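Work through the exercises below with the sequence and the structure open side by side. Try each task before you read its solution.

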Amino acid sequence: MEALSPPPRSELEFDVVPVDMRAGAHKQEPFISLNPFGQVPAFEDGDLQLFELVPSDSKKKAIASVWMEVEAHHFDPVTSKLGWEIVYKPLFGLTMDQAVVEENEAKLEKVLDVYENRLSNSKYLGCDCFSLADLHHLPNLQGLLGTSLKKHFESRPHVNAWVADITARPAWAKVLALKGQA
C-alpha cells in the first residue's frame with residue numbers, strides 16, 4: 001500500500017485543544033472518548049478519531065514502533081527524572097538531588113549516543129518523515145533545552161539537527177504558544 005503525501009505544511013489547518021492534565025481532564029469526558037487510555041495524543045477529524053498514529057507501511061510501522069519503545073523505555077525515564085530534579089524541584093522550592101542528576105545525565109549521554117548513530121542514517125528516528133516516534137520526545141526535550149543539559153543535544157551534530165527540526169515545527173510552536181497563554 002502506498003502512502004499518500006501529506007499536504008504542504010502551510011495548507012494543513014488544525015486546532016490544538018488544550019487538555020488540563022493536572023486536573024485529570026485526560027481521564028474524563030470528553031477526552032476519554034477520543035483516547036480510551038486517557039493519554040495524549042488524540043486526533044479527531046470529523047468522524048475519524050485516532051489515538052495511536054503510526055505509518056501504514058509495515059516496515060516503517062515496525063521501525064517507528066521500535067523508536068517509540070526506545071523513547072518510552074530509555075529516553076522518557078531518564079529525561080523525566082532530570083526534568084523533575086532540574087526544572088520542577090526548584091519551582092516547588094525543593095532541593096535538587098545532585099546524585100540523581102549525575103546518574104541520569106550519564107544515562108542520557110548513552111541514549112543520545114544511540115540517537116546520534118541512528119540519526120546519522122535517517123533524518124528522523126522512526127522513518128524518513130516526522131512520526132510519533134519523534135513527537136513523543138517533544139515535551140521532555142523542550143523542558144531540558146532550557147537547562148544546562150542542552151549541551152548534550154548540541155554536542156551531537158545529527159541529534160542537534162533533529163532537535164532543531166522537530167522543535168521548529170509550526171504545530172509545536174502553536175502548542176508552546178498555547179502553553180504560554182495558560
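The exercises go from the whole chain to helix pairs and then to single residues. The model is predicted.

**Exercise 1. The overall layout**

Task: State how many helices and strands the chain has, and in which pattern they follow one another.

Solution. Start with the count: the chain holds eight helices and two strands. Next, read along the sequence. The pattern is α-β-β-α-α-α-α-α-α-α. Then turn to burial. Of the 182 residues, 30% count as buried. Finish with the contacts between residues at least 6 apart in sequence: 57% of them join residues at least 24 apart.

**Exercise 2. Helices H3 and H7**

Task: Describe how the axes of H3 and H7 are arranged, and list the residues that meet.

Solution. Two packed helices are described by the angle between their axes and the distance between the axes. Take the distance first: the axes of H3 (residues 98-119) and H7 come within 7 Å. Now the angle. The two axes cross at roughly 80 degrees. Angles of 65 to 115 degrees count as roughly perpendicular, and H3 and H7 are therefore roughly perpendicular to each other.

Next, find the residues. H3 brings Leu112, Tyr115, Glu116 and Leu119. H7 brings Pro157, His158, Val159 and Trp162. Sort them by class: the contact has six nonpolar residues, one polar and one charged.

**Exercise 3. Proline 157**

Task: Decide whether proline 157 is buried or exposed, and give its C-alpha distance to glutamate 116.

Solution. Locate the residue first: proline 157 sits in helix H7. Its relative accessible area is 57%. The cut-off for exposed is over 50%, so proline 157 is exposed. Now the distance. Proline 157 and glutamate 116 are 41 residues apart along the chain, yet their C-alpha atoms are separated by 7.6 Å. Both residues belong to the contact between H3 and H7.

**Exercise 4. Helices H5 and H7**

Task: Work out how H5 lies relative to H7, and which residues make the contact.

Solution. The axes of H5 (residues 138-145) and H7 (residues 157-167) come within 11 Å. They cross at roughly 110 degrees. That makes H5 roughly perpendicular to H7. From H5, the contact uses Leu138, Leu141, Gln142 and Leu145. From H7, it uses Val163, Ile166 and Thr167. By class, this contact has five nonpolar residues, two polar and no charged ones.

**Exercise 5. The buried sides of H5 and H7**

Task: For each helix, list the buried residues and say why they lie on the same side.

Solution. Begin with H5, where Leu138, Leu141, Leu144 and Leu145 are buried. These residues cover an arc of only 135 degrees around the axis, so they lie on the same side of H5.

Move on to H7. Its buried residues are Val159, Trp162, Val163, Asp165 and Ile166. They cover an arc of only 165 degrees around the axis, which puts them on the same side of H7.

**Exercise 6. Threonine 79**

Task: Find the contacts of threonine 79 beyond its neighbours within four places in sequence.

Solution. Threonine 79 is part of helix H2 (residues 58-91). With a relative accessible area of 2%, threonine 79 is buried. Leave aside the neighbours within four places. Leu108, Asn140 and Leu144 then remain as its contacts. Of these, Leu144 is itself one of the buried residues of H5.

**Exercise 7. Two cysteines**

Task: Explain why cysteine 127 and cysteine 129 do not count as a disulfide.

Solution. A disulfide is a covalent bond between the sulfur atoms of two cysteines. Check the distance: the sulfur of cysteine 129 is the nearest cysteine sulfur to cysteine 127, at 3.7 Å. The cut-off is within 2.5 Å, so cysteine 127 is in no disulfide. Cysteine 129 is in no disulfide either. The structure as a whole holds zero disulfides.

Compare exposure last. Cysteine 127 is buried, at 6% relative accessible area. Cysteine 129 is partly exposed, at 40%.

**Exercise 8. Before and after H1**

Task: Place proline 30 and glutamine 39, and describe the peptide bond into proline 30.

Solution. Proline 30 is in the segment before H1. The peptide bond from glutamate 29 to proline 30 is cis, with omega near 10 degrees. Glutamine 39 lies in the loop between helix H1 (31-34) and strand S1 (43-45). Its relative accessibility is 44%, so glutamine 39 counts as partly exposed. Glutamine 39 is 12 residues from lysine 27 in sequence, and their C-alpha atoms are 7.7 Å apart.

Key:
Residues are numbered from 1 along each chain as its sequence is written. This is a predicted model: local features need pLDDT of at least 70, side-chain atom pairs count only at pLDDT 80 or more; totals for chains, interfaces and linings use all residues. Side-chain values use heavy atoms; hydrogens and water are left out. Axes are lines fitted to C-alpha atoms, for helices over the stretch in contact, and angles run from 0 to 180 degrees between N-to-C directions. Helices (H or I, at least four residues) and strands (E, at least two) are DSSP runs, numbered from the N terminus. Angles under 35 degrees count as roughly parallel, over 145 as roughly antiparallel, 65 to 115 as roughly perpendicular and the rest as oblique. Contact means heavy atoms within 4.5 Å. Ala, Val, Leu, Ile, Met, Phe, Trp, Tyr, Cys and Pro count as nonpolar, Asp, Glu, Lys and Arg as charged, and the others, Gly among them, as polar. Buried means under 20% relative accessible area, exposed over 50%, partly exposed in between (1.4 Å probe, protein chains only). The arc is that of the directions from the helix axis to the C-beta atoms.
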